[in-house]
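Subject: Structure handover

Hello,

Here is the structure for you to open alongside this note. My findings follow below it.

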Amino acid sequence: MGKWSVRQFLSNRQQQSFVISLGAFCASLLLVALVCVLALIALRGSDYFWPRPVHSLTYVDLAGKEHKVYGQVGVGQVSSQYSAGTQRLWLIRYSDTRYPYGNQLILETPAIQNLAVAKDAADMLLADGTRVFAKPVSVDMPENQAQPLSSLAQAQARVDLLQQDVDQIRTQHLAPIHRRLAELDIRAVAEDAPARERLSAEFREWQTKVLEREAQIAEFRLNVQFSDGAPFSIALNELDQLTYTGQLTTWGKLGVAADGVWTFLSESPKQANTAGGVFPALFGTVLMIFIMTILVTPFGVMAAIYLNEYAPDNSMTAVIRICVSNMAGVPSIVYGVFGLGFFVYMVGGQIDELFFSDRLPAPTMGTPGVFWAALTMAILTLPVVIVATEEGLRRVPDRLKAGSYALGATKLETIWHTILPIASPGIMTGVILAIARAAGEVAPLMLVGAVKFAPNLPFDGEFPYLHLDRQFMHLGVLIYDGAFHSQTDMRSASMMFASCLLLLLVVFVLNILAVILRKRLRQRYLRGY
């Protein structure tokens, strides 16, 4: 028998049609897989913002004791692998006397005696990210106890005014005193020096005012009642949001979800990155990418111009090109170790010895920060920019270069006025690929500046405003850290999916902006100016 071949059964036209159909099928399959992944992320992420109703639940524990609680039922109920038949597991997040700030419980269907929506119970979100599920009863104020719930708005307004006064004292008076005392510590001023004693007395005076106002704030409380009738009290300054989720209409739920999205984008993480918002991580990600782009673009373009326009066409140049291409395949953690050893410890340590010797042994630049992270990401993405830019330079027609030389332009003028404008779409392609890769990296960033929680942003109102030596938060690191805290908590897992969706949107928006700029540059070249 001869060797089997497709040509024995299909004509050339049929073979071509088969290849086209197979390619279309593979492309469709990849598209469907991509849509399914995005749909899963969007569905699980939206669950973090959608308000769940509070249920009144009665269940029986393993000892046969009956408990009555308020709580929220998990969205996904999975079949129990330890139970026979069709019994299922229910994930309940509830509050009671033992666990007023919430506890998680997994129950089988036979253990649930009663489950109904409690319209008079509220989902109360506290300032630290915890939740209390209970029925609001009354409000306590300094002059009157057990006021009706209708006075809650008035009490919260008074608490907000007192809290603003406390924040103002801390910002305008206590913070400057702290800085001046720190300066005295650096200069080793004696404890009994008149300047230090004057500052200490001023500090005690303002601190006394803060304590007085905080004592007044503590007297404003919300009285609630759990499902079994047990009372509980919540300080109003700890209450961030109170929602009767069981009474919401569809439009009301959409409004609460919209508020949740804004909170997610504008607040800091809470409860070990399992609640709250992601603003510091979003800000740190965009800032790091912006600094990285500023650093990598000129160096990548200049390196590509040298290789394509100035370097001789010999074996040495070929080896350099091969090395540049292979650098794109180096594991990212290697760049992280290099950045930590070279940029942070060596370069940063030398900068501290030269410019910040008065602060040693406490490091200033010799510690991981946003600048070293951006510089490490610039080294990591440099091969991508070089290769893409060189491809764009090769596409410039030789006749345009010859025409420029014929008109008397020098090589530098030809590169600046002719070659770079025409190759600019290729340069933007390299920048787009660099942004996409840098936005999703996690391992190297954890070594050179990204942390799971940073108390201060790299950019604020304090001179010099942009603090490149500070550590920062990153969406990828936030997702990595939060994934280990959300394996049994469905709401925390939803927050991680929402963070993933936000990271995809950030990369998408940055890429769209770069694509629009690339398109405009290409159209400008095609129009001839």
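A pocket here is an open set of grid points with protein on both sides within 12 Å along at least five of seven lines, and its lining residues have an atom within 4 Å of a point. Please keep in mind that this is a predicted model.

**Pockets**

Start with the largest pocket. Its volume is about 760 Å³. The lining comprises 40 residues. Tyr48, Leu125, Gly129, Arg131 and Arg491 are the ones that lie nearest the centre.

Many parts of the chain come together here. The elements that each give two or more residues to this lining are the strands β2 (66–73), β3, β6 (122–126), β7 (131–140), β10 (239–243) and β12 (275–276), plus the helices α4 (250–266) and α13 (490–527). Which element gives the largest share of the lining? Helix α4 does, with five residues. By class, the lining of this pocket splits into 15 nonpolar, 15 polar and 10 charged residues.

The second largest pocket holds about 460 Å³ of space. Its lining counts 15 residues. Nearest the centre lie Arg359, Thr364, Pro464, His467 and Asp469. Nine of the lining residues are nonpolar, two are polar and four are charged.

**Cavity**

Next, enclosed space. Rolling a probe the size of a water molecule over the atoms shows where empty space is left. The structure has one cavity of 30 Å³ or more. The volume of the largest cavity is about 40 Å³. Pro280, Gly284, Ala454, Asn456, Leu457, Pro458, Phe472 and Met473 form its lining. What classes do these residues fall into? Six are nonpolar and two are polar, with no charged residues in the lining.

**Sheets**

Now the strands. Strands of a sheet pair through backbone hydrogen bonds, either parallel or antiparallel.

One open sheet has five strands, in the order β4-β3-β2-β1-β5, and the pairing is antiparallel. Strands β4 (103–108) and β5 (112–117) stand at the edges with a single partner strand each, so one side of each has no neighbour in the sheet. From one strand to the next, the twist averages 40°.

Some pairs in this sheet can be followed residue by residue. Strand β3 (residues 89–95) runs antiparallel to β4, and six bridges join the two. Within that pair, Leu91 stands opposite Ile106 in β4. Arg93 stands opposite Gln104, also in β4. Strand β3 also pairs with β2, in the antiparallel sense and over four bridges. There, Tyr70 faces Ser95 in β3. Both β2 and β3 are among the elements that line the largest pocket.

Another open sheet also has five strands. Their order is β9-β8-β7-β6-β10, again with antiparallel pairing. Which strands are at the edges? They are β9 (231–235) and β10, and each pairs on one side only. Neighbouring strands in this sheet are turned by 50° against each other on average, direction ignored.

Strand β8 (residues 221–225) is joined to β9 by five bridges, and the two run antiparallel. In this pair, Gln225 stands opposite Pro231 in β9. Three strands of this sheet, β6, β7 and β10, each give two or more residues to the lining of the largest pocket.

**Helix packing**

Last, the helices. Two packed helices are described by the angle between their axes and the distance between the axes.

Helix α8 (residues 370–394) and helix α10 (residues 411–440) cross at roughly 150°, and their axes come within 8 Å. Angles over 145 degrees count as roughly antiparallel. Helices α8 and α10 are therefore roughly antiparallel to each other. Their crossing is right-handed.

Helix α10 also packs with α5 (residues 279–310). Here the angle is about 135°, and the axes are 9 Å apart. That angle makes α5 oblique to α10. The crossing of α5 and α10 is right-handed.

**Where to look**

For a quick tour, go to Tyr48 and Arg491 in the largest pocket. Then go to His467 in the second largest pocket. Then find Phe472 in the lining of the largest cavity. Finish at helix α10, with α8 crossing at roughly 150° and α5 at about 135°.

Best wishes

Technical notes:
Residues numbered from 1 in each chain as written. Predicted model: local features only at pLDDT ≥ 70, side-chain atom pairs only at ≥ 80, totals over all residues. Heavy atoms only, no water. Pairing = 2+ DSSP bridges. Axes fitted to C-alpha atoms, helices over the stretch in contact; angles between N-to-C directions. 1 Å grid on protein atoms, 1.4 Å probe; cavity = no way out; pocket = protein on both sides within 12 Å on 5 of 7 lines; lining within 4 Å. Points joined across faces, edges and corners; volume = space filled by probe spheres on them. Nonpolar A, V, L, I, M, F, W, Y, C, P; charged D, E, K, R; others polar. Parallel < 35°, antiparallel > 145°, perpendicular 65-115°, else oblique. Left-handed = near helix turned anticlockwise from the far one by under 90°.
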